[in-house]
Amino acid sequence: MMVDYQSLAVRGVQALSPYQPGKPIAELARELGLNPDDIVKLASNENPLGPSEKALEAARDALGELCLYPDGNGFDLKQALAARFGVETSQITLGNGSNDLLEVIARCFADGDSEVVFSQYAFAVYPLVAQAIGARGVSVPARDWGHDLDAMASAITERTRLVFVANPNNPTGTVHGAEAVLAFLEKIPARVLVVLDEAYCEYLQGDGYADGVTLLSRFPNLIVCRTFSKAWGLAALRVGYSISSPAIADILNRVRQPFNVDTIALAAATAVLGDAAYLQRSCEVNAAGMAQLEAGFRALDLPFIPSAGNFIAVEVGDNAMEIYQSLLTQGVIVRPVGGYGMPRHLRVSIGLEHENAKLLQALAKALGRDSQGA
Ligand SMILES: *Cc1c(COP(=O)(O)O)cnc(C)c1O
């Protein structure tokens, strides 16, 4: 008898479409016969500086331990994180990237009877993890491309178990300040968990910044997720962490895979936390590149969404996919965001100065304009 194995998958999984990552440099090089060194990838919000020397050294030093299982408790990394943020190690859960944690959180606290609330235009992983566990994803219409926190609070029902808030959000770059986040948390019932995804928090500076970790003592239903993939420059190693109440962390630690962060990743992440100069340079390069791209977009008369992250969504028009393709043939990879319901935009990660200049030049050409503002 012929079995349709796809029909055996649980319902949420059958209807799942996988996360669409940015096109890898090697793939575009193969497809177009280009030299990988001539390709600029501004598609996955990676750190354009390359990894920190301290992280590299620690990673190399750890290679001799490849035959051993990693420290499943991530003792050193948790110690370093706890010291940095003034929390207990019992509040920390490590993840294979923060993506891993987003999924573990959903699996721990929601099921087929649950509703999971997130915003329109929010990070694509939230609806994915909700659907995979058969929960009902509730997408709340955005306001000015950002989370409408009031509407999200109002969307909570007795079935709601989880609310995902990306602050700043990817792919829009929108951000809410401390007051808005506080007011939001005050409206959420204590039985509903709020996941504050702060993947880009290191780029934020200044007064109004909503630091989720400082809110944990007031809101035991809060889980703050962070990552080493962006400002810390370790995307390939897959390290993220959450900080929460010890009770929640205990649950997450039961469900995560016992060795979900490997030895090299643990060593490099622990080391990079001690590289303040690297983080500072990451932020400086990002601020300069953001200003460069904004000026370039203005010169091209392209509207953009002001961004607090290391990327920016620029509105190129109805033919965004053609522009995207034209950029590819010119050796520049950016990210189409039609899948996010933003078919007129492209998301561009902030690169080094010459990479941003190349993007702006290629964009001008794709739009049939004179090169300017680059
Ligand atoms: C990049 C990103 C993450 C996670 O990245 P990991 O590499 O899995 O740590 C999480 N949330 C948002 C909003 C992101 O943009």
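Buried area is the accessible area that two parts lose on being put together, summed over both.

**View 1. Domain layout of the predicted model.** The chain of this predicted model is assigned two domains: domain 1 comprises 5-50 + 277-367, and domain 2 comprises 53-272. Taken over C-alpha atoms, the centres of domain 1 and domain 2 lie 23 Å apart.

**View 2. Area buried between domain 1 and domain 2.** About 2,300 Å² is buried between the two domains, and carbon and sulfur atoms give 68% of this area. On the side of domain 1, Leu 279, Ala 308 and Tyr 340 supply 25% of the area buried against domain 2, more than any other three residues. In terms of contacts, 31 residues of domain 1 meet 30 residues of domain 2.

**View 3. Polar contacts and salt bridges across the interface of domain 1 and domain 2.** Between the domains, 10 residue pairs are in polar contact, with both residues at pLDDT 80 or more. The rule for salt bridges finds zero across this interface.

**View 4. Elements on the side of domain 1 that touches domain 2.** At least two residues of this side are supplied by each of the helices α1 (11-14) and α12 (276-299) and by each of the strands β10 (311-315) and β13 (345-349). Helix α12 gives the most, with five residues.

**View 5. Residue classes on the side of domain 1 that touches domain 2.** The residues of this side comprise 17 nonpolar, 12 polar and two charged.

Technical notes:
Residues numbered from 1 in each chain as written. Predicted model: local features only at pLDDT ≥ 70, side-chain atom pairs only at ≥ 80, totals over all residues. Heavy atoms only, no water. Domains from an automatic or database assignment. Contact = heavy atoms within 4.5 Å. Buried area = accessible area lost by both parts, 1.4 Å probe. Salt bridge = Lys/Arg side-chain N within 4 Å of Asp/Glu carboxyl O. Polar contact = N/O pair within 3.5 Å; in protein donor to acceptor, adjacent residues only side chain to side chain. Helix = DSSP H or I, 4+ residues; strand = E, 2+ residues; numbered from the N terminus. Nonpolar A, V, L, I, M, F, W, Y, C, P; charged D, E, K, R; others polar.
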